Amino acid sequence: MQNYLRRCWAEIDLNAIVDNCRACHRAAETMAVVKADAYGHGDVQVAQALQSRLNIRNFAVSNLEEAIHLRTHGIQGQILILGYTPVENFPELLEYDVTQAILDEDYAKRAAATGLRVKAHFALDTGMNRIGLDADSPEVCAACIRSHLADFQITGFFTHLCVADSPQSAEANHFTEGQIAKFRKVCRLLEDLHLPFPHCLNSAATLWHPCPESKLERLGIVLYGLKPDYANTLPDGVSPALQWKTVISQIKEIRPDETVGYGRSYTATSPRRIATLPVGYADGYHRLLSNRGKVLLHGKEAPIVGRVCMDQMMVDVTEIPQAAPEDEVVLLGNSGTLQYTADDMAQTIGTIGYEIVCDISKRVPRIYK
Ligand SMILES: *Cc1c(COP(=O)(O)O)cnc(C)c1O
């Protein structure tokens, strides 16, 4: 293990990611979604673990830089860019053997004009209105894909299901089934081409909307042990892979009526014992957690008091008398019998666990075990 400052760090359990992948695997093959540095977990480390231990041979990223980063660090098999790549960068798609999503007919034309026969998956828009050929007309989609058979090495097509994370809602399920029906229609119209990779399953759909026509499941958030939506229940054996930790840098006692931090947003109503932590919003610790969030230490909770600063923040450890400088503090993870996950933290400030882990900044070293 390399040296790191014991200031603020993330511990990533690659075994947990491998176990999570196993526990959520349903379709014929898995495509590991490792965009955004594997949701903050380290793209190369995560992809290497899945490649070497589960023989995963499909990876998805958001852009060309991420794809090249994987390719130049020993990742083999299919690497699919799920979003936009400028057509002037198509030579690099060929050079690094990267598969490009084709966003719509206009993009297909501009891409075809490069004369570079890159590997491609056509995107289908089945209702999200983000990217893809308009699958309200499956025949038009199928015809468009056929018309480009000579321009690209077309190895698949895919759609994205935008409410598959709400299986408790009849309305959401109805919408998702409608999206899947459009996807299926295109599958049927292109059956004769025997394209190896039609796919429509994100994490949520993999678990709650099985679709046998989808030859790949694009597992993202569940690999990392987090939920697509806070109301979800994940399969047994799925657990968060990342713990985020810091230490106490200083402890002080304050009197009633003293305040803590910028803007004096917290006022003590009784004598309080305040611990300072060397972590702040520049580490990706959300400032909206000011006076609302909490940390764990010695198997207990300590609430954040005052505003989260750029590089430091304060917590109230009055109820944890054994707390002392240098003690380990859990920002995300487990302490004693308590657990505080990125999903829990997200819930406090009205966002999703995805954003919490993606936001942990580069300044925070990732330690692998
Ligand atoms: C990010 C992304 C995924 C992964 O979604 P999860 O909810 O994390 O499983 C799958 N497909 C597409 C197109 C994406 O952009």
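Visitor: Hi! Where does the ligand sit?
Guide: The ligand sits in the largest pocket. A pocket is an open set of points on a 1 Å grid over the protein atoms alone, with protein on both sides within 12 Å along at least five of seven lines, and sitting there takes more than half of the molecule's atoms within 2 Å of its grid points. This is a predicted model, where local features need pLDDT of at least 70, side-chain atom pairs count only at pLDDT 80 or more, and totals for chains, interfaces and linings use all residues. Residues are numbered from 1 along each chain as its sequence is written, and side-chain values use heavy atoms, leaving out hydrogens and water.

Visitor: Cool. Which atom of the ligand is 2.6 Å from the side chain of Tyr354?
Guide: An oxygen atom, and its partner in Tyr354 is an N or O atom. That fits a polar contact (a pair of N or O atoms within 3.5 Å).

Visitor: And what about His160?
Guide: A polar side-chain atom of His160 lies 3.4 Å from a ligand nitrogen.

Visitor: New topic: how many salt bridges are there?
Guide: There are 19, each a side-chain nitrogen of Lys or Arg within 4 Å of a carboxyl oxygen of Asp or Glu. One of them joins Arg110 and Asp106, at 3.0 Å from N to O.

Visitor: Why are those two about one helical turn apart?
Guide: Because Arg110 and Asp106 are four residues apart in helix 6 (residues 105–112), a helix being a DSSP run (H or I) of at least four residues, numbered from the N terminus.

Technical notes
Polar contact = N/O pair within 3.5 Å; in protein donor to acceptor, adjacent residues only side chain to side chain. 1 Å grid on protein atoms, 1.4 Å probe; cavity = no way out; pocket = protein on both sides within 12 Å on 5 of 7 lines; lining within 4 Å.
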